[in-house]
Amino acid sequence: ACQAQSFVPPGCRCFMIAARKGGSMNVLRLRWGPRLCSFARQPCVPAPGCRSWSAQAVSSPGNTTVAAKTQGPRGSQGQARPLRAPKPEVARIKEAAHAKDWDGALEVFERSERSLLEYNAILHAADKCNRFAEAMELYEIMSQAGCPQNQATLAPLINLCGRHRKLEDAKHLIAAMRAKGIPPNAWLFECLIKAHSVARDLPGALGSWRELKAEGLQPTPDSCYEILRMLAGKGDLVSLEAFLEEEAQRIKLNIFHYQFLLRACVKATNVDRALRAMSEMRAAGVSPDLYSYTMLLTVLRKADQASQEQIESLLSHMKADGVRKDAFFSEVLLTSSLGLDPLGALQRVEGLPRPVLQRGARFLEEIEASGLEFTALTQRLAVRLREVLARPAEDWVKVVQPRDDGRGQASEAAYFWDRATGRTQWEPPGVPVNETVVAAAA
């Protein structure tokens with residue numbers, strides 16, 4: 001195989017073609033520099049019988065092109081295929097779009113020849129700058145001028161329709177494109193599914209998915225992930241499992257499919273299904289990653305099943321899989337060991353039993369020993385945990401509350417308060433009471 005990419009020095013100003021068996025060609029645009037490297041001027045010499053690509057770079061002042069030719073098993077050569085640089089106006093419009101400079105993009109567009117490439121670039125800029133009304137107006141002008149259109153013309157418009165909850169407009173645009181004899185492709189359906197996702201329209205997204213399959217198109221991975229993300233967000237395990245079962249007949253499931261399944265388990269607080277998902281993942285030859293273990297730990301915490309044994313088992317599996325903890329996982333680990341939701345954890349530390357606090361302190365020591373940086377919540381929890389544990393284990397006092405019984409005679413109501421944990425109860429604690437205080441002092 002051609003190893004040209006290994007010899008091109010930094011600063012090379014050229015295009016290079018990487019040769020691969022099977023006649024496929026990859027074009028890599030390298031870093032711009034002051035000169036054309038000498039190696040790129042020499043053609044790739046394939047091995048005998050190899051069907052690969054060879055390249056010879058031809059340089060002229062201000063321009064760089066590559067003529068590519070094929071060399072088959074019998075040494076026959078195909079026609080040269082020059083690769084032209086993009087139009088400068090299109091490049092400047094896209095640069096302005098990347099900087100979200102709508103006025104700059106529009107200024108360049110108005111001075112251009114307004115061909116299909118310029119229209120597609122300015123519609124892309126409108127999408128990046130969130131200019132729905134301007135994009136629809138430009139599309140209307142483009143249609144009235146009889147300018148050719150393609151699927152790339154509609155993609156930014158559909159993105160804007162989803163962002164502005166104009167899904168009916170998106171459907172009309174696709175219908176109008178079909179009427180012009182331009183069928184939607186898989187990429188356009190991906191944009192439509194994402195538009196439904198932005199509008200939180202799960203039935204519409206599923207309808208677009210079924211339409212995509214009915215057209216006989218191969219769905220893009222992002223289309224599949226967007227459907228799974230919506231189903232996981234609703235905690236709809238039944239629909240998500242049915243969707244994955246259908247996808248498993250078409251492709252091999254990867255780590256991302258199982259991550260969405262675990263997210264749905266967290267949403268539905270289904271520990272058994274999450275544990276089965278981890279087993280299914282390993283059986284399919286997919287190694288769980290840090291995100292998978294974080295989701296599993298989260299669902300254990302939500303179901304109040306994050307016991308010492310469960311956490312230790314989870315950490316041992318992580319070590320066996322070679323998965324290393326990060327700062328966020330350590331935060332989830334600490335809050336799970338305390339049995340607290342991250343939201344409001346600081347306020348609830350005070351009322352936790354001492355054994356639970358001590359368990360959290362042990363995990364905190366392990367996190368510190370691992371050398372990981374603390375998240376902001378972990379730092380605050382560590383300070384709060386140490387403050388509470390520094391107090392005596394139990395500091396019971398009897399609280400007396402004077403009151404009038406309504407007959408002019410004074411009486412007392414008493415309860416017991418543990419100043420170490422903030423716990424109160426009516427019954428005596430069964431341990432010596434250190435002090436008696438009145439309610440006002442308490």
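The largest nonpolar core of this predicted model has 88 residues, and those with the most contacts inside it are Ile158, Leu314 and Phe329. Helix H11, which spans residues 255-268, supplies the largest share of this core, namely eight residues. Apart from it lies another core, made up of 15 residues, which include Leu334, Leu338, Leu357 and Ala382. In soluble globular proteins, nonpolar side chains tend to be buried together.

For Leu314, the contacts beyond four places in sequence can be listed by name: Leu314 touches Tyr293, Leu296, Leu297, Leu300 and Phe329. Phe329 thus appears both among these partners of Leu314 and among the residues with the most contacts inside the largest core.

Helix H11 also holds a polar residue, Gln259. Because its relative accessible area is 12%, under the 20% limit, Gln259 counts as buried. When neighbours within four places in sequence are left aside, Gln259 is in contact with Asp289, Tyr291 and Ser292.

Aromatic rings are a further topic. The protein has four aromatic pairs. One of them joins Phe109 and Tyr119 in an edge-to-face arrangement, with 5.1 Å from centre to centre and 65° between the planes. This pair links distant parts of the chain, since Phe109 sits in helix H2 (residues 102-110) and Tyr119 in helix H3 (residues 116-128), the two being 10 residues apart. Both partners are buried, Phe109 with a relative accessible area of 2% and Tyr119 with one of 3%. Elsewhere, ring pairs link Tyr225, Phe256 and Phe260 into a cluster.

The relative accessible areas of three buried residues discussed above are set out here.

| Residue | Relative accessible area |
|---|---|
| Phe109 | 2% |
| Tyr119 | 3% |
| Gln259 | 12% |

For the protein as a whole, the secondary structure comes to 18 helices and nine strands. Of the 442 residues in the protein, 41% are buried, and the accessible surface comes to about 24,200 Å², with 51% of that area belonging to carbon and sulfur atoms. As for how the contacts are spread along the sequence, 56% of those between residues at least 6 apart join residues that are at least 24 apart.

Key. Residues numbered from 1 in each chain as written. Predicted model: local features only at pLDDT ≥ 70, side-chain atom pairs only at ≥ 80, totals over all residues. Heavy atoms only, no water. Helix = DSSP H or I, 4+ residues; strand = E, 2+ residues; numbered from the N terminus. Buried < 20%, exposed > 50% of the residue type's maximum accessible area, 1.4 Å probe, protein only. Contact = heavy atoms within 4.5 Å. Areas by Shrake-Rupley, 256 points an atom, 1.4 Å probe, with all protein chains shown as cover. Phe/Tyr/Trp six-rings, centres within 6.5 Å; stacked < 30°, edge-to-face > 60°. Core = buried A, V, L, I, M, F, W, Y, C linked by side-chain atoms within 4.5 Å.
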